[in-house]
Amino acid sequence: MDNRPIGFFDSGIGGVTSIPYIMKMLPEERIIFYGDTARTPYGSKSPDTIQEFSAQIADFLVKKDVKMIVIACNTVSSVAIPMLRERYPDIPIVGCITPTAKEVSKIAKEGAKIGIIATRGTVNAGVYKKRIEELRSDVNVFSKACPALVPLIEEGLVDHEIMDMTVKYYLDDFIKENDIETLVLGCTHYPLIKKSISKIYPELEIFSSSKEVAKAVEMELKARDMLAEKKEGKDEFYASDLSETFVELIEKILGQEKDELKIGFEDLDI
């Protein structure tokens, strides 16, 4: 047993979408989350820059004495996991991509046409396509970068006609030309617009990386006998730019009032 908190981080607010699943599956676990909202989005940045930012955030979480680091960001997962595991060899580190790829590969039917939507950085890294095709040589995988979605979500424009128009701009031709049957939300921001996507494309089977991350965390903690016995203190949420939108989206995603949480600003000496 290990009552220390689990550390989560993301380029912005999106990684919080994994946390309700954790709260439901593992209610005794305490969470410390860091969203790098001042420097989001990461998808347009170079791998070297993403690794530098990720190391800064991981250092912050380690100082908070977390027992595990969860990279609740597909872009970081695609380029920074080996570096972080080398930096902190004694701390289990869980990413988004491998758990999601395994679940999609397990469920996809033979000859399935699978679409991946993600940031430009995740798509350029090609890790989703590689992982799925390693596990299933009988499926077809197509990727589409959707760089405008994260900034719109970070601005809180989730249930808005601008979001619907942007989704259609990116996905109409992509889905039609590739005959996509299964869509993977390859960014932890995207579950916030899953309802919008399902409304526009009701025939799609949609997979969320946020849910698969939570399942991977549970499996890893159980395997290492690191489950918490009792929750000690409030969950903590930090941002490099603590805006009203950040606080409002946390309340919306978690279904909790800010007084129930510890929310603060932390610039990591940026």
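A salt bridge here is a side-chain nitrogen of Lys or Arg within 4 Å of a carboxyl oxygen of Asp or Glu. Keep that in mind for the first few views, and remember that this is a predicted model.

**View 1. Lys129 and Glu133 pair up along helix H7.** The side chains of these two residues, Lys129 and Glu133, make a salt bridge, with N and O 2.8 Å apart. Both sit in helix H7, which covers residues 127-135. They are 4 residues apart there, so about one helical turn separates Lys129 from Glu133. Lys129 is partly exposed at 33% relative accessibility, and Glu133 is partly exposed too, at 31%.

**View 2. Lys113 reaches Asp179 from strand S5.** Here the closest N and O atoms of the salt bridge are 3.9 Å apart. Lys113 belongs to strand S5 (residues 113-118), while Asp179 is in the loop between helix H9 (161-178) and strand S7 (182-185). That means the pair ties together parts that are 66 residues apart in sequence. Look at the surroundings as well: Lys113 is partly exposed, with a relative accessible area of 28%, and Asp179 is partly exposed with 46%.

**View 3. Arg136 meets Asp138 in a salt bridge.** The N-to-O distance between these side chains, Arg136 and Asp138, is 2.7 Å. Arg136 counts as buried, at 15% relative accessibility, whereas Asp138 is partly exposed, at 28%.

**View 4. Four residues share one salt-bridge network.** Glu103, Lys106, Glu212 and Lys215 are joined up by salt bridges that have partners in common. Over the whole model, the count comes to 20 salt bridges.

**View 5. Helix H11 runs from residue 209 to residue 223.** Its 15 residues take H11 21 Å from the first C-alpha to the last, close to the 21 Å expected at 1.5 Å a residue. Which residues of H11 are buried? They are Ser209, Ser210, Glu212, Val213, Ala214, Ala216, Val217, Glu218 and Leu221. One of them, Glu212, also appears in the network of View 4.

**View 6. A closer look at the two ends of H11.** At the start of the helix, a side-chain oxygen of Ser208 comes to within 3.2 Å of the backbone nitrogen of Ser210. Go to the other end and, just after H11, you'll find Asp225 with a positive phi of about 55°.

Definitions and conventions:
Residues numbered from 1 in each chain as written. Predicted model: local features only at pLDDT ≥ 70, side-chain atom pairs only at ≥ 80, totals over all residues. Heavy atoms only, no water. Buried < 20%, exposed > 50% of the residue type's maximum accessible area, 1.4 Å probe, protein only. Expected span 1.5 Å × (residues − 1). Polar contact = N/O pair within 3.5 Å; in protein donor to acceptor, adjacent residues only side chain to side chain.
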